[in-house]
Amino acid sequence: MARTAGSHGPKTMEAIRKAALSLIYRKGYEAITLRQLADAVGIQPGSLYNHVRNKQDILFDLVHDHMTTLLVEVAEAVPADATPRAQLEGFIAFHVGYHITRREQVFIANSELRSLEAGNHAAIVALRKKYEGVLIDILRRGAADGSLRAEEPTIAAYAILSMLTGICSWYQPSGRKSAEQLVTLHRDLILRGIVV
């Protein structure tokens, strides 16, 4: 690929991130090289170092961005002053919608967690715990006020998250159910099992 005329600074960094996301999603972190990434962006391999220090930094940036976006958006989707049931419904709708529209980011954040170096791994795990904590807190409050059956809020939260996140592995935009229908289906499945 020829170098894109006028590519520099933030524009080039965004192109690097998009190309890295696609390459890691398709080939896996360990299989890609910085040369492949530079070729995909249309810059010389040495020019890549004007934007990133190494391949590990690229992976961490992608996963960290995914996790921080997830935390910001879930805070907007789950009303703080709502009942635990309403918060649970908001969480389900948000999680399913986010995960079917950002499948590449979700896949990389889950499958390449193992590829992060110790410090980066710890930082991402801490962010994941914060996200999981949103659901755990909803379930705890619902159990406390008697509106939700969640004697083991942490276990229930992990079971719910596994079910909701699994949609990434099978959802197809061209499938027979729309994204909205899938949100409703997941919401109903969970609420039938947990609402008192």
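Trainee: Among contacts in the protein with a separation of 6 or more, what share comes from residues 24 or more positions apart?

Mentor: That share is 72%. Keep in mind that this is a predicted model. All of the values here are computed from it.

Trainee: Which secondary structure elements does the protein have, and in what order do they run?

Mentor: Count the elements, then read them from the N terminus. Here there are nine helices and zero strands. The order is α-α-α-α-α-α-α-α-α. The C-alpha trace spans about 60 × 40 × 30 Å along its principal axes.

Trainee: How many residues are there, and what part of them is buried?

Mentor: The protein has 196 residues, and 41% of them are buried.

Trainee: Let me take one helix. What span does H3 reach, and what span is expected?

Mentor: Compare the end-to-end distance with the rise per residue. H3 covers residues 55-77, 23 residues in total. From first C-alpha to last, H3 reaches 33 Å, close to the 33 Å expected at 1.5 Å a residue.

Trainee: What lies at the start of H3?

Mentor: Look for a side chain that reaches a backbone nitrogen. A side-chain oxygen of asparagine 54 comes within 3.2 Å of the backbone nitrogen of glutamine 56.

Trainee: Which residues of H3 are buried?

Mentor: Start with the general idea. An α-helix has 3.6 residues a turn, so residues three or four places apart point the same way. In H3 the buried set is Lys55, Gln56, Ile58, Leu59, Leu62, Val63, His66, Met67, Leu70, Leu71 and Val74.

Trainee: Which helices do these buried residues pack against?

Mentor: The partners are H1 (9-27), H2 (34-41), H4 (84-101), H5 (103-111) and H6 (118-145).

Trainee: Now voids. How many cavities of 30 Å³ or more does a search of the whole structure find?

Mentor: The search finds one. The largest cavity holds about 30 Å³ of space.

Trainee: Which residues line the largest cavity?

Mentor: Read the lining by residue, by element and by class. The residues are Ala20, Ile24, Ile32, Thr33, Leu34, Leu37, Lys55 and Ile58. H1, H2 and H3 each supply at least two of the lining residues. By class, six are nonpolar, one is polar and one is charged. Lys55 and Ile58 of this lining also appear among the buried residues of H3.

Trainee: And the largest pocket: how much space lies in it, and which lining residues lie nearest its centre?

Mentor: A pocket can be read in the same three ways. Its space is about 250 Å³. Of its 15 lining residues, Asn110, Arg128, Tyr131, Glu132 and Thr165 lie nearest the centre. H3, H4, H5, H6 and H7 (153-165) each supply at least two residues. H7 gives the most, with four. The classes are seven nonpolar, six polar and two charged.

Trainee: Is histidine 186 buried or exposed?

Mentor: Check relative accessibility against the cut-off: buried means under 20%. Histidine 186 counts as buried because its relative accessibility is 5%. The residue is found in H9 (residues 179-194). Leaving out residues up to four places away in sequence, histidine 186 touches Ile92, Val96, Met163, Leu164, Ile167 and Trp170.

Trainee: Is proline 173 buried or exposed?

Mentor: Use the other cut-off: exposed means over 50%. Proline 173 has a relative accessible area of 62%, so it is exposed. Proline 173 lies in the loop between H8 (167-170) and H9.

Trainee: How far apart are proline 173 and arginine 128 in space?

Mentor: Give both separations. C-alpha to C-alpha, proline 173 and arginine 128 are 27 Å apart. In sequence they are 45 residues apart. Arginine 128 is one of the residues nearest the centre of the largest pocket.

Terms used. Residues are numbered from 1 along each chain as its sequence is written. This is a predicted model: local features need pLDDT of at least 70, side-chain atom pairs count only at pLDDT 80 or more; totals for chains, interfaces and linings use all residues. Side-chain values use heavy atoms; hydrogens and water are left out. The expected span of a helix is 1.5 Å times one less than its number of residues. Buried means under 20% relative accessible area, exposed over 50%, partly exposed in between (1.4 Å probe, protein chains only). Contact means heavy atoms within 4.5 Å. A polar contact is a pair of N or O atoms within 3.5 Å; within protein, one must be able to donate a hydrogen and the other to accept it, and residues adjacent in sequence count only if both atoms are side-chain atoms. On a 1 Å grid over the protein atoms alone, a cavity is a set of points where a 1.4 Å probe fits but cannot get out, and a pocket is an open set with protein on both sides within 12 Å along at least five of seven lines; lining residues have an atom within 4 Å of a point. Grid points are joined across faces, edges and corners, and a volume is the space filled by probe spheres set on the points. Ala, Val, Leu, Ile, Met, Phe, Trp, Tyr, Cys and Pro count as nonpolar, Asp, Glu, Lys and Arg as charged, and the others, Gly among them, as polar.
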